[in-house]
Structures are given as C-alpha cells and as structure tokens.
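Hello,

Here is the structure I promised to pass on to you. Please have a look at it first, and then read my notes below.

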Amino acid sequence: MVLTVLKCFNKTLMKPPFLPIWKRRFLSTEKLDDKLHCCKILVVGGGTGGCAVAAKFAKNFIKCDIIVLEPSDIHYYQPSYSLIGAGVTTLRNSLKPTIAALPENVTWFKDSAEFFCPFECSVVTKTKKIIKYEYMVISTGMEFDFDKIKGLKEALDKYDNVVTIASPQYAEKTYCGLNKFSCGIAVFTHPKELSKYNSLNMCFLAEHYWRMNGKLCGTKIFYLTAACEIFPVNKYATSVNKLVKKKNIVACLERNLIEINPKDKTATFEEVQNPKERSCMKYDFLHVTPPMKPVEAIKKSKEISNEHGFVDVNKGTLQHNTFQNIFALGDCASLPTSKTVFATNAQAIVVHKNLTSYMTGRKLKACYDGYAASPIITGYGTCILAEYDYKLHSKETLPIRQERESKFAYYIRKDLLPKLYWNWLLTGKYPRTAGFGKLFSWYKKK
Ligand SMILES: Cc1cc2nc3c(=O)[nH]c(=O)nc-3n(C[C@H](O)[C@H](O)[C@H](O)COP(=O)(O)OP(=O)(O)OC[C@H]3O[C@@H](n4cnc5c(N)ncnc54)[C@H](O)[C@@H]3O)c2cc1C
C-alpha cells in the first residue's frame, strides 16, 4: 500500500513539463487497495452531459486524471425514441457501445454511484468501492417511475395496445402498436411530474400515420396532459394549439393518469387541481409518458440534493450551492428549465469554463441562461423547433420562423441532430447553438 502511494507521488513529479501545475495529477486512478480509487475529476454518469464534459476536460488531462463512473454498456441517443416509435428509424441506429461514446482519454469505471460523501470528497459505488476525487461533475440523468401508475408495467409488458417511447425496451413496441390499431379511441398522456420529452411528438406522429393508412375514420384522438398549458412558451403554444385543432385532436389539460386496467381497456385520471375528482376513460390504444423521478443515489445523499432529490446547484454557474468542488448538469441538476440534449450541451460548456476557473482560483464567469431546444415533431416530415431560456423567451438559432411547422426543422431533428450529437456534442466540440441566433435576428425582423 505504502509502495503504491509512493509510486503515485513519483509519477506526479514526473508529469510532462508542458502541463501547467493546476492540470497536474496529485492523485492517481491506480488502486491504492482493492476498494479505494483516486482521481482528479470524477464524472458521475456517462450519458449526454457526462460524455460532453469529460471530452472537454480530456483534452487537457491525462487518462487516469478523469474517471467516468457509468454502469451501462450502451449509450443511447434518447431523442430518437419518438422516431423509433413512429418507425422512422431503429434502435440499432440510435445507440453505440459506451466505450465508443466515451472520450478515449478518460478512465471508464463500470459501476454506479450508491452514495455521495461530499465532506470526504468521495463516492461509494454499488460494488462498495470508494472513489476519491478533487473535483466532481454529476450528470446521472433521471429515472422513469413506471410503478407510479398502477397497472402500467403489466400493461406495457403484456398488452399490444398500451405503449410508450420512454425507454429503448418499449420504443420499438410502439410502432407495432401503431400498426395493429385499426380504429377507435386513441389516448396519449403526459404526467404531472417533470418529464424529459414531449408527448405531443408521438401524438402528432400517430395521427399522421393513421391518416396515411386510412385509419382515422372511426378514430378519435385524445391528448390528456397534467400540465396547465399545451406548451410552456406562448409563441410555440399558439402554433401547437392551432395544429391540435386542425388535426381534430381533443386536448384536455390538468388531467393526470393514475391507473390503467388493461383487461377492461380503461384509464383513470385525476384532476390536478382537485385530485379527489377522478374520471375513467375507455381506450383502444394508449400511449403513456410515465412520470420521472431523480436517481436514488442522489435523492438519498441529502448533503448534495435539494428537497426534490435533484443536485442542488446555482442555476447560473452550475456550481453546487454548498460544495464548491462539485458541479452538476443535465436532467439530475436542480435547474428550472426543460430537460433536453441541447440544454445539457449548453450546460456542459458552462461547467467546463467554470470548473476550469475554480481549479485555477479565478472567478466563475460563465452563466447558463436556461437555454433549451425542444423540437416538436408535428408529423412525418414537419417539425417546430422551439428554443427558449429560463424566462421562456424564445432564443432561436435559424433564419426561419421557428414557431411554424417546417420541413427544414424536421430534417434538422431527424438527420442533422443525431450526427451533431455523436460527432460534435459527445466529443466536446459542439458550440452553443443559440449564438447563431444573433447572427440571424436581423433577418427575422425584416
Ligand atoms: C423518450 C425520450 C425522448 C427525448 N427526446 C428528446 C428530444 O427530442 N430532444 C432533446 O433535446 N432531448 C430529448 N430527450 C432528453 C435527453 O435525452 C436528456 O435530456 C439528456 O440525455 C440528458 O442528459 P444527462 O446526461 O442528464 O442524462 P442521460 O443522458 O440520461 O445520462 C445519464 C447517465 O447516468 C447514468 N447513471 C444513472 N444512475 C447512475 C449512478 N447512480 N451512478 C453513475 N451513473 C449513473 C446512466 O446510466 C446514464 O448513462 C428525450 C429523452 C427521452 C427519454
């Protein structure tokens, strides 16, 4: 043990001279014993945010300085799930092995965080290993809470007419469900809790699919959401409401799905304002967006989480409100904005800048303004590209009227964004998109 520590120390002194002092390694990923591992930067979660941040730091550090703690062997491009559900793409085209998604110059630790000990600067893993860090970035995402809706899991596993695009396990089943549906009542739901995707996408895609296949005659489509508006930003909500009307979709607000009885084909909803008020609805096809919940390890590590179980960070700097050497981004962070890939990318840029400043004792200057991009797919070939900030002001990138349906936006969503994701975002090269918006704003005003 003593020998190993000495080895670590020697290696530190022998660092290449071109690395500035703050980038040098004072701890090593080498095992001090079977249970204890050390690193300079620990990235917890190797999904969208974890990969993007790790890739940015990997350029200036050596392999054993950065540990990415990630349990999954596969990295999924989650925004593809709605297009998988609509039969436009396949699951195969939307994943990569984690080893290929992670930057080369980092150490992948295949395990998951079980408990965070921020006072000791360490994380205990599921297999009871301890990882000590100097700085930590958390990006563990959110989990689906299938059990919160009574009967949902059984219905998804056993019945063809109850579907969801929420997870890779069920996304392909959704397309089978669309095909098997002949006519009747089709219901699409959106939960009360935070969600990381827009259920409207699947509702619009299904309507278009059935229209193309002559199945709309004798069909009534309902969209029941627990939210109090159809979309949080007025500019886009106006267009979405018009489309809902045009497509004869019945939208009901403030209705929260609580139970499914797949044998009787009934779904029970509670009124959000008055939960005792319940209503039952018959369905022939049901697409559910399950509620989401924070990751258990964060929720139970009370020192780092807020009362809702999200990592308690400053919404501008993304630095932890108590522990300055901890930063968080993505779905697990306590940020009052939409949980999307390009929100996470904008946050990765801020985390990289601010953590670098913190390491060198400089002031944290980068500030995240809540930027989120949330494309609403309105059919096979059309899309509204919604982009906005914390204040729900639009923050657009393209020289087009983004609140209108467009083929160009659909092409971007379907073909361009996945390429940008794999080749630019995960490799830490992707710039902050909203920056282009300023370039085009003069054109839009014309
Ligand atoms: C169905 C669906 C559709 C979506 N559609 C869109 C869309 O159209 N546009 C858009 O921009 N975004 C969309 N999103 C959201 C987007 O994918 C997420 O916001 C984004 O991936 C968040 O990145 P993240 O790093 O926070 O989380 P993730 O990318 O989910 O990564 C979290 C990682 O942490 C790991 N992890 C979990 N627990 C632990 C633990 N205890 N210890 C260590 N690691 C752990 C997980 O294995 C995972 O790899 C969609 C998501 C879903 C599910």
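Helices and strands here are DSSP runs, with at least four residues for a helix and at least two for a strand, numbered from the N terminus. Counted that way, the protein chain has 12 helices and 23 strands. Please keep in mind that this is a predicted model.

First, the chain as a whole. It has 446 residues, and 57% of them count as buried. Among the contacts with a separation of 6 or more, 65% join residues that lie 24 or more positions apart. The accessible surface of the chain is about 20000 Å², and carbon and sulfur atoms contribute 56% of that.

Then I turned to strand S2, residues 41-44. In a regular strand, side chains alternate between the two faces of the sheet. In S2, Ile41 and Val43 point one way, while Leu42 and Val44 point the other way. How does burial look for these four, buried or exposed? All of them are buried.

Which strands does S2 pair with? One is S3, residues 66-69, which runs parallel to S2 and is joined to it by four bridges. In this pairing, leucine 42 sits opposite isoleucine 67 of S3. To get from S2 to S3, the chain passes through helix H2, residues 48-58, in a right-handed β-α-β crossover.

Another partner is S10, residues 135-138, again parallel to S2 with four bridges. Here leucine 42 faces methionine 136 of S10. Leucine 42 therefore makes a handy place to start when you open the model, as it stands opposite isoleucine 67 in S3 and opposite methionine 136 in S10.

Best wishes

Key:
Residues are numbered from 1 along each chain as its sequence is written. This is a predicted model: local features need pLDDT of at least 70, side-chain atom pairs count only at pLDDT 80 or more; totals for chains, interfaces and linings use all residues. Side-chain values use heavy atoms; hydrogens and water are left out. Buried means under 20% relative accessible area, exposed over 50%, partly exposed in between (1.4 Å probe, protein chains only). Contact means heavy atoms within 4.5 Å. Accessible areas come from the Shrake-Rupley method with a 1.4 Å probe; for residues, only the protein chains shown count as cover. Two strands pair if DSSP finds at least two bridges between them. A crossover is right-handed if, with the strands pointing away from the viewer, the path from the first strand over the helix to the second runs clockwise.
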